[in-house]
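Reader: Hi! I'm new to this one and would love a friendly tour. Could you put it up so we can look together?

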Amino acid sequence: MNPPTARTHVSPIFVGREAELAELVQAAHAAEHGDFQGVLMRGEAGVGKTRLVEELIRALGPGAAAVAVGGCVEVGGDGFPFAPFTEAMRTLWQHFPGEVLAASSGREALLARILPDLDVPALAARDDDVTRLFALIARILERLTSERPVVLVIEDLHWADASTRDLLGFLFRTRRTGKLLIMATYRTDSVRNGHPLRTLLAELDRLRSVRRIELSRFIRREVNEQLTGIFGAPPDPAVVDDIFARSDGNAFLVEELARAHRDCIGTGLEKLRDVLLTRVESLPEESQRIVRIAAQGGSVIGYPLLKAVVDFPEATLIEGLRAAVLAQILVPEPYGTDYRFRHSLMQESVDLTLLPGERILINRLYGEALEMDPSLVRAEELTGRLAQHWHAAQDDVKALHMSVAAAEEAWNRCAYADQLRLLERALHLWGRVPEEARAGLPALRIPETYPNDDGEDEGAEPRHQHLLATATVAAVHSGNFEKALHLVDTALEELAAAKGEHPLPAAWFWAQRSRVVRSLNREDGWRELCAARALVDGLAPSVVHALVLVRVANWSALHRPGPSSRADADRAVEYATRAGAEELALHARLTRCLLDTDTDGTVIDELYAIRQQAEELGELGLVGRVNQNLPSTLEGMGRSAEAIAAADHGIALCRSLGLTDREAWIHYNRSISLLSVGRWAEADSAREDAAALARACLPRWTFQAHHAVILLLRGEVDAAAAQLALADKLGGTENVHAQALISLSQCRMGIAARQGRLADARAEFLRADDAGLTHGPVRWALPMLCAAAAIEGMARRSTPDGASPEVLAALRRAAARQEKEAVLPVSVAYARLLRAELRHAEGDDDPGPWSDAAAAFEDTERAYESAWALMGEGRALLADGEHDSEAHERLNRARVIGLKLSAGLLLADISQLTGTLEPASAFVPQRDETAGADGLSAFGLTPRESEVLELVARGYSNRRIAEELFISPKTTSHHVSNILAKLGASGRTEAAAIAYRHGLPPKPPKLVV
């Protein structure tokens, strides 16, 4: 059937968006040159977002780029999982099937989760499938964009399901190489407080690589131009005034009012709904019924489905559709037999006119039609549509059955938020249907570790507890921890009230609660784990028992490491192995490694073996964890260079797999190791990389505090204090690991002492001692004890009361405990440094212990700590008055190291000993304020290279420079290489020093929130 031709009410003239179109064309050209571009376009309904996208495609010209457009689909308020990506990927697959299949080789079944057109066997679902799916989509886009520009457009993001929002956020965050432009449009008037899209928008606001274009309403001149295009001639000024006043410059409403004026029905139409419904009411009755039924059919409705639902003869249906198309209420899709409303505002207005009983009837008709002929819609939409239509039709039994079936399909498609929504509906309906109506419910895949303790077969009909367990895991996977907590508490209440004993299900839910409260950063989760362990103690080994023991061992390793923790880890390995839970066994082995002190390399060998097994298995949770823990463990052993190499491996792997949170932690671990080996500028860049990826409260807090540590070491004490205050605003320390609390306490002590608040510094140490932090892991506790002892030594030299006996006594007690644990070379070095600092604080300063500490740190290649010990030795030699030349030699060696590191705090202390009395801030690199950018002209830098150098001098990483300048990391790396060659600099630090001497950057770096 050829669609009828309607009289146009759309202006053929593109009006009023020249600047916005120019920016989009600029973004497309930047993408064509390999710089990823992201665009968020927003505006109220009817303002012209879709028209602007169409004009961009027209401006690029045919064949200039591959364009894939996907629209978010709404049916009864629910979006379909991945609907716009399914539509867009289908377009790309149809045009480039060979490249899509090559990029997804070996993962075709995973791709079929989004692209059901692929005829491949189903893949068994795994917990990490969503991450693997997202990484696969990114890989396909990377492959396609290596050959040509690709413009990916996601329309109507305000209707997007949670899975679509998650995938879009992933693509924006994990930008790859390639010629890719991603655009997303949404309605501002639909995204009010509490709308789920607001979370994604807030996250994207932090990405400098995302452009934002807001479309405002037309001014009067633009409305005049639009009306001229619609009428074919300049309109009467009075008509322009009237339409402009009533439309308030909304482009779609201008079109509707222009039509009403031309059809002589333009009087008395004061409201938008009146304007839109006037055209509907002018249709024949048959057409009006068709339009009302279509309003409940979703954003797009196929002719066969409409024919099955509308009880008219086909000839009458066609004539009714013809009238609706001629009136520009419905429009046919360019290909196929589908129809959609001319604008979503029209559909919403019609929907609001439906009577309650009429809405129920129409949805029942849709449900019956789809049950009789499932081919009326795409296979991937069927169960979701049936679930929604039966729910809207208030048929609770059918709604329950289809909601469970649709939840299972959502799980298969990695759409966990949609799975959660459907399971919540099923839980709500459960009590509203009779028990016999629950018979024959579709099979539900319950969580792998959930106990099957009643002997039912795999795939048996789900019980209420199964729904709660599955919904809990869906809530966790989708990041909705508040909902997960509610579900867990509901399940535990039901189990407590149920007849008989159910220890394994209860233990499982308690283990989930521990995870959830820690994720919410409300409690540390230990109470819940104790409850779970009490339930499984004495029972035969099982997967649940193994799960609980693994969680207990993990918690103990982080919070209370010791012999009992090691015993828990051993039992966890044993039980997981006996239960055949390979992944749990590997997690338990990894935890055991974290608890062992490695003196012969066996722990490191085991960690490398676990990493290899995890990567071969493809278990992403384990892959991320071992790649995060291996660099940290190597660093704790003093093998910092190896830790950096392991971190580089982990970062590359996690980035390729889309493990963004794990990647952030690995950047942080890399920063710590870079700090240890004296590569401080790189350490700060790595810290920035970590902060750029952090989303949750705990990592943001940790990385913020780490920034304060770096600033303090540089001598920027006030800046460190301000940064720490920003970190404190993130709140919550219930789930903070001991190592982070120890480092934080050490930083607070250092800031207070350097700001002249000695009493506050001592109070902080005593608080830490009371909290047991001085008994913590030797790797973290010994440096804190050294810092506290150094403060007391400073107090002995500079205050009338000298060192605090209370603090010294606490230090001696802690030192006696920690020195017994110091067996690794780096820990032995810190133990020697602590011994020297304590003797100095007690008035018995001897060069010997300082010399021993300096030698130990030199052996472990710890430059800063070596300089710290050399300074102490030089001070002790000066004090005896007989070894001045040796003293100055030690102090000079320490000063050289300090200058290389820009260690302002250390240099300030050395200056006081040598009599120069320069403050720490004097050692922050100084600039030639008169030189400016012109001072660099002799080096032949291009304007772009000067911009890059300015950001290098501020300590920006390549990734952050790329975001700031809207270029790719690869291009940034190329610019940095050219800059180093032109400046004759050996590295970024020297280049930054040259930049400072020549007046760059013009303003200091900002604190990162």
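Reader: Thanks! What is the handedness of the crossing of helix 36 and helix 38?

Author: Helix 36 and helix 38 cross in a left-handed way. A crossing is left-handed if the near helix is turned anticlockwise from the far one by less than a right angle, and right-handed if clockwise. Before we go on, this is a predicted model: local features need pLDDT of at least 70, side-chain atom pairs count only at pLDDT 80 or more, and totals for chains, interfaces and linings use all residues. Residues are numbered from 1 along each chain as its sequence is written, and side-chain values use heavy atoms, with hydrogens and water left out.

Reader: Got it. At what angle do helix 36 and helix 38 pack, and how far apart are their axes?

Author: Helix 36 (residues 758-770) and helix 38 (residues 805-821) pack at about 40°, and their axes are 11 Å apart. That makes helix 36 oblique to helix 38. Angles under 35 degrees count as roughly parallel, over 145 as roughly antiparallel, 65 to 115 as roughly perpendicular and the rest as oblique. Axes are lines fitted to C-alpha atoms, for helices over the stretch in contact, and angles run from 0 to 180 degrees between N-to-C directions. Helices (H or I, at least four residues) and strands (E, at least two) are DSSP runs, numbered from the N terminus.

Reader: Which residues make that contact?

Author: Helix 36 brings Arg762, Phe765, Leu766 and Asp769, while helix 38 brings Glu806, Val807, Ala810, Leu811, Arg813 and Arg817. Contact means heavy atoms within 4.5 Å. By class, the contact of helix 36 with helix 38 has 5 nonpolar, no polar and 5 charged residues. Ala, Val, Leu, Ile, Met, Phe, Trp, Tyr, Cys and Pro count as nonpolar, Asp, Glu, Lys and Arg as charged, and the others, Gly among them, as polar.

Reader: And helix 41 with helix 43, what angle there?

Author: About 15°, with the axes of helix 41 (residues 863-880) and helix 43 (residues 904-914) 11 Å apart. That makes helix 41 roughly parallel to helix 43. Their crossing is left-handed. On helix 41 the contact involves Tyr864, Ala867, Trp868, Met871, Arg875 and Leu878, and on helix 43 Leu906, Asp909, Ile910 and Leu913. Here the classes are 8 nonpolar, no polar and 2 charged residues.

Reader: What about helix 17 and helix 18, how far apart are the axes?

Author: The axes of helix 17 (residues 356-372) and helix 18 (residues 382-392) lie 8 Å apart, at an angle of about 145°. Helix 17 passes helix 18 in a left-handed crossing. Among the contact residues are Ile360 and Tyr366 of helix 17, and Leu386 and Trp390 of helix 18. The contact residues divide into 7 nonpolar, 3 polar and 4 charged.

Reader: Switching to sheets! In what order do the 5 strands of the parallel one come?

Author: The order is 2-5-6-1-7, in an open sheet. Two strands pair if DSSP finds at least two bridges between them. Strand 2 (66-71) and strand 7 (210-214) are at the edges with a single partner strand each, so one side of each is left without a neighbour in the sheet. On average, neighbouring strands are turned by 15° against each other, direction ignored.

Reader: How many bridges join strand 5 and strand 6?

Author: Strand 5 (residues 150-155) and strand 6 (residues 180-187) pair over 5 bridges. Ile154 stands opposite Ala184 in strand 6. Helix 3 (residues 83-95) lies across strand 2 and strand 5, at about 155° to strand 2.

Reader: And the sheet of 3 strands, which way does its pairing run, parallel or antiparallel?

Author: Antiparallel, in the order 8-10-9. Strand 9 is joined to strand 10 (residues 338-341) by 3 bridges, and Pro332 has Tyr339 as its bridge partner in strand 10.

Reader: Last one: how many aromatic pairs are there?

Author: The structure holds 14 aromatic pairs. One of them, Phe134 with Phe170, is tilted, at 5.6 Å centre to centre and 50° between the planes. Rings of Phe, Tyr and Trp (its six-membered ring) pair if their centres lie within 6.5 Å; planes under 30 degrees apart count as stacked, over 60 as edge-to-face and the rest as tilted.
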